[in-house]
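Trainee: I have this one open and would like to go through it with you. Please take me along slowly.

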Amino acid sequence: MLKKAIWEKRNMMQRTSLHNTKHLIGSRKQQLIVSFLIPLLLMSSYFIYRKMAPFGPSSLLTVDLGQQYVDLFAYFRHTILHDPTAFFYSFSKAIGGDMTGTWAYYLMSPFNLILLFFPGKSITTGIFIITILKYAFAGLTFAILLQKLYPHTNWLVPGLATAYALMGFSIANQLNLIWLDAPIFLPLIILGIDRIFTDGKIRWFVLWLSLMLIINYYMAYMICIFCILYFIFDSARYYTSFHDILTASKRFVSGTLLSGGFASWILMPTFYILTQSKAQYTETSVKLKFDYFPFKMLSKFLPGTFNFQQMPSGLPNIFIGAFCMIGFILYFTSANIKLRERITAAIISLFLFLSLCFQPLNLFWHAMQFPWWYPYRFSFIVCFWMIFLTARYLFSKPTFNPKALLTSAAILVIGLIYLWLNLSTFKNYVDQNQLIIGSLFAALGLLSYILLRQKPALSWLITIIIVLDVFVNACLSLNNISFVSQSEFGNYTTELDKTIGKIQKQDTSFYRIGKTYMRTKDDAMQAAFNGGSHFSSTFETQIPNFMQKIGQPDGDGFVTYSNGTLITDSLLGMKYWSKNIDSNQLGSSATSTANATLPALTFKPDLSSYKLIGQDSLTQTYKNPYALSIGFGASSSVKDFNGSKLDPIQYQSQLYGSLAGQTKSKLFTSQNFNEVIFQNINQTTKLTGSVLKKNNLSKPGVVTFRFTPPTNDAYYLTFGQDLNPDNATFTVDGKPLTQYSPYRNTVVVNFANHSKGKTVTLKIQLKKMNLWLENFTLYRLNQNKFTKLQQNLNESPLKVTSHNSHKIAGKITVTKKNRFLMTTIPYGKGWHAKVDGKSVKVIKVAKTFCGIQLTAGTHHVVLTYWPPYLFIGLIVSVIALIIVMGYFWWIKKNRH
């Protein structure tokens with residue numbers, strides 16, 4: 001009977017254990033599902049409330065997401081669906097450029113595949129879906145990390161996961177959608193490091209770090225730095241002997257090298273492109289100073305402290321909610337956590353917080369380059385660390401020591417008092433209401449820990465408080481941001497696609513297209529055409545340098561081809577121009593519609609020299625009879641052209657003349673205005689270089705320039721950087737002289753064309769007390785000389801027989817005088833040329849373009865682009881793969 005009773009009791013215990021295990025597994029799965037769903041539903045609800053497309057007239061597009069990323073996403077779609085060769089190179093990138101760096105920074109996220117289902121203006125819906133999914137997956141991966149590290153979790157997991165998913169970094173950088181993969185992969189990479197210590201395996205670490213390096217090398221760089229810090233933390237946490245730590249270190253280094261090896265196929269060509277672009281802006285001098293008083297950082301722990309003013313140069317976005325902030329403090333008081341671990345964590349925390357305010361460390365995290373806007377981009381790591389230590393405290397048998405809670409409360413109160421006393425210091429992004437809300441959640445956070453001490457089963461209630469705290473921050477912060485309307489984006493996109501589509505349908509040859517209107521500098525990426533403008537962080541500096549020399553607006557990472565002359569349009573093969581129709585050709589309602597749909601970019605009377613070939617309700621299409629082929633026979637003397645000391649007018653003239661073998665050719669002559677009238681401005685007889693000053697500050701200051709062209713030639717003005725719309729308004733015959741702004745160098749501005757005998761009036765009205773007429777000169781282009789040179793250069797065009805994004809093939813017949821093949825393909829080490837089947841050297845012309853020396857006669861020419869170091873990178877990646885496969889084979893062999 002006794003044996004039977006023991007047997008029955010054992011069976012009952014086994015059934016109970018099995019039931020508890022199943023319940024635990026079910027509960028853990030539910031925690032993961034909820035950790036995914038809460039961020040998803042919260043952010044979806046908020047976006048629907050804000051009427052984001054497809055749920056209303058607004059969209060998620062704002063700042064860089066609307067001005068850059070959305071166009072690159074459209075380019076992503078075009079590449080995957082229509083032109084895979086555009087992965088390597090694209091002529092939509094200004095006048096042409098390598099694309100591997102662009103893919104590595106902007107476009108390798110697997111979430112982007114969703115965009116394949118959303119063409120044209122509906123791409124905003126795809127962006128909506130990707131955004132909410134990235135929030136959701138960040139919550140999920142953090143929850144996975146917590147459950148893998150701690151076998152006995154509770155319903156605090158979804159709360160902590162939501163705090164992580166909706167941390168200050170993610171809310172502030174929602175508009176930088178390309179960075180939001182990093183918070184998703186970071187917990188998985190950290191879990192991989194942990195497994196090095198727990199089971200001695202590196203596969204998890206290698207897998208996720210490799211993917212992160214491929215998806216976004218920039219954010220991966222920051223994660224790699226943190227991986228070293230976290231490995232040190234884990235070494236203190238799991239320390240048993242020096243031998244074990246040495247073994248783990250070898251595995252960590254091996255895993256890191258393998259990850260780099262797997263990603264080498266894209267990292268190596270990207271690194272080369274960075275040396276030609278972003279790396280050229282690397283800071284070589286470091287100042288040992290704090291960017292701001294460190295205590296100011298406390299203000300960013302209040303809800304709703306992100307707005308437009310904080311984007312360019314604000315404080316780090318480290319909001320994690322009051323509960324997690326308290327937990328971070330309590331971690332260091334826990335007697336159940338080894339002292340050496342807490343000391344290590346304290347040192348790492350100090351390093352991270354110093355990095356947020358001490359300039360050398362901040363610069364180090366950003367790869368020795370000060371960010372262009374969006375400072376402290378590594379703040380997601382600080383947020384992760386604080387929430388992670390909170391979880392470490394909560395799931396490591398927390399003591400909830402009353403003294404520790406009082407200490408935390410005292411720290412909070414001191415911090416809030418500091419913020420209250422210095423509220424005026426933070427007035428641009430903090431108000432009294434935010435301080436009150438922050439204080440309320442701080443009190444609720446303290447009460448939550450008291451509640452946990454008394455009734456641990458109410459963890460679900462605390463999760464609600466955590467979620468409410470971070471969601472309030474998300475709402476308040478995003479309420480400060482305005483977004484592009486769906487109609488503004490959609491109408492423009494539809495009209496641009498329609499106009500470009502018509503041109504491409506009737507002409508399948510190689511050419512470039514210019515526009516007198518612009519939504520973004522990456523319009524060519526959006527509509528998949530060869531243009532002249534571009535904006536990205538991986539933009540090779542040689543193109544902005546060239547554009548600056550020919551008088552186009554340029555900057556660090558962008559160019560805007562808005563000031564083309566007859567010469568530059570001809571040289572760069574701008575065969576077609578799309579023009580937004582003038583307001584005097586439309587009714588008043590149509591005018592407002594046109595202006596809203598197609599924002600004007602430039603004033604271009606040059607189009608009167610081109611042929612009108614098409615028109616619709618909003619645009620006119622012109623064909624340029626002077627446009628040269630992508631390649632043409634030119635004089636070998638152009639190889640010696642330098643032009644570094646020439647102004648834009650001289651540069652255009654001498655470059656064009658050198659191509660035709662007339663190095664001394666002078667295509668432009670300066671002109672004098674017929675009449676200059678000063679109103680409330682000091683009179684001056686010398687215009688160029690003089691400073692205009694108002695006589696009476698309270699009255700308008702206007703200078704009127706009148707000029708009657710003696711010929712039908714094209715006339716141009718040069719404007720120095722001070723002559724911009726911020727300092728003055730410019731009108732020509734009563735119409736705005738629209739120009740892209742800002743520009744940091746002298747630009748060449750269209751002024752008049754085909755206006756012989758007609759007086760053209762330029763008015764400049766000062767917006768400030770003074771205006772510097774920097775490089776202000778009027779020029780006439782000698783049409784006859786230009787036409788003769790153009791005809792000379794057009795005698796031996798490269799007749800393109802086939803072309804795609806990275807290969808151009810064609811035939812050319814040259815004579816002895818023009819046996820140098822000049823192309824307007826930007827020079828790069830990746831370009832390789834074959835003439836009649838034999839490899840030949842590609843020569844760099846004018847520090848910008850590809851050229852090939854030919855012999856007289858007819859030749860078949862093939863130019864192909866292959867990204868530098870891509871082949872070597874592929875070899876390294878294959879070697880890494882072979883090493884891993886060989887290792888698994890060896891393991892399998894030894895098991896038998």
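Mentor: Let us settle one term before anything else: a residue is called buried when its relative accessible area is under 20%, exposed when that area is over 50%, and partly exposed in between, with a 1.4 Å probe and protein chains only. This is a predicted model, so local features need pLDDT of at least 70 and side-chain atom pairs count only at pLDDT 80 or more, whereas totals for chains, interfaces and linings use all residues. Residues are numbered from 1 along each chain as its sequence is written, and side-chain values use heavy atoms, with hydrogens and water left out.

Trainee: And what counts as a helix or a strand here?

Mentor: Both are DSSP runs numbered from the N terminus, with H or I over at least four residues for a helix and E over at least two for a strand.

Trainee: OK, how many residues of strand β9 are buried?

Mentor: Four of the five residues in β9, which spans 619-623, are buried, so by that definition the strand is mostly covered.

Trainee: Which strands does β9 pair with?

Mentor: Two strands are said to pair if DSSP finds at least two bridges between them. Strand β7 (residues 574-580) is joined to β9 by five bridges in the antiparallel sense, and Asn580 stands opposite Thr619 of β9. Strand β8 (residues 611-615) also runs antiparallel to β9, over four bridges, and there Leu612 has Tyr622 as its bridge partner.

Trainee: How many residues sit between β8 and β9?

Mentor: Three residues lie between them, and the two strands form a hairpin.

Trainee: Changing topic, what is the strand order in the open sheet of four strands?

Mentor: The order is β10-β24-β28-β27, and the pairing is antiparallel. Strands β10 (631-634) and β27 (843-845) are the edges, each pairing on one side only. Neighbouring strands in this sheet are turned by 35° against each other on average, direction ignored; the axes are lines fitted to C-alpha atoms, for helices over the stretch in contact, and angles in general run from 0 to 180 degrees between N-to-C directions.

Trainee: How many bridges hold β24 and β28 together?

Mentor: Four bridges, again antiparallel, pair β24 (residues 820-826) with β28 (residues 849-853), and Pro826 is matched with Phe849 of β28.

Trainee: What is odd about the phi of Ala846?

Mentor: Its phi is positive, at about 55°, although Ala846 is not a glycine. Most residues other than glycine have a negative phi, and most peptide bonds are trans. Ala846 lies in the loop between β27 and β28, and it is buried because its relative accessible area is 3%.

Trainee: And where is Met368?

Mentor: Met368 is in the loop between α15 (359-365) and α16 (379-394), with a positive phi near 65°. At 28% relative accessibility, Met368 counts as partly exposed.

Trainee: Helix α15 again, then: is Asn362 buried or exposed?

Mentor: Asn362, which lies in α15, counts as buried because its relative accessibility is 5%. A contact here means heavy atoms within 4.5 Å, and, not counting residues up to four places away in sequence, Asn362 touches Asp291, Ser355, Tyr376 and Phe378.

Trainee: You brought up trans peptides, so which residue is joined to Pro54 by a cis bond?

Mentor: Ala53 is, with omega at about 15°, and Pro54 is found in the loop between α1 (2-49) and α2 (63-81). Ser741 and Pro742 are also joined by a cis peptide bond, with omega about 10°, and Pro742 lies in the loop between β17 (735-736) and β18 (747-752).

Trainee: Last topic: how many cavities of 30 Å³ or more are there?

Mentor: There are six. A cavity is a set of points, on a 1 Å grid over the protein atoms alone, where a 1.4 Å probe fits but cannot get out, and lining residues have an atom within 4 Å of a point. Grid points are joined across faces, edges and corners, and a volume is the space filled by probe spheres set on the points. The largest cavity has a volume of about 130 Å³.

Trainee: What lines the largest cavity?

Mentor: Its lining has 16 residues, with Ile513, Lys515, Gly532, Ser533 and Tyr561 lying nearest the centre. Strand β3 (512-515) and helix α21 (523-527) are the elements that give two or more residues to the lining, and the largest share, three residues, comes from β3.

Note on methods:
On a 1 Å grid over the protein atoms alone, a cavity is a set of points where a 1.4 Å probe fits but cannot get out, and a pocket is an open set with protein on both sides within 12 Å along at least five of seven lines; lining residues have an atom within 4 Å of a point.
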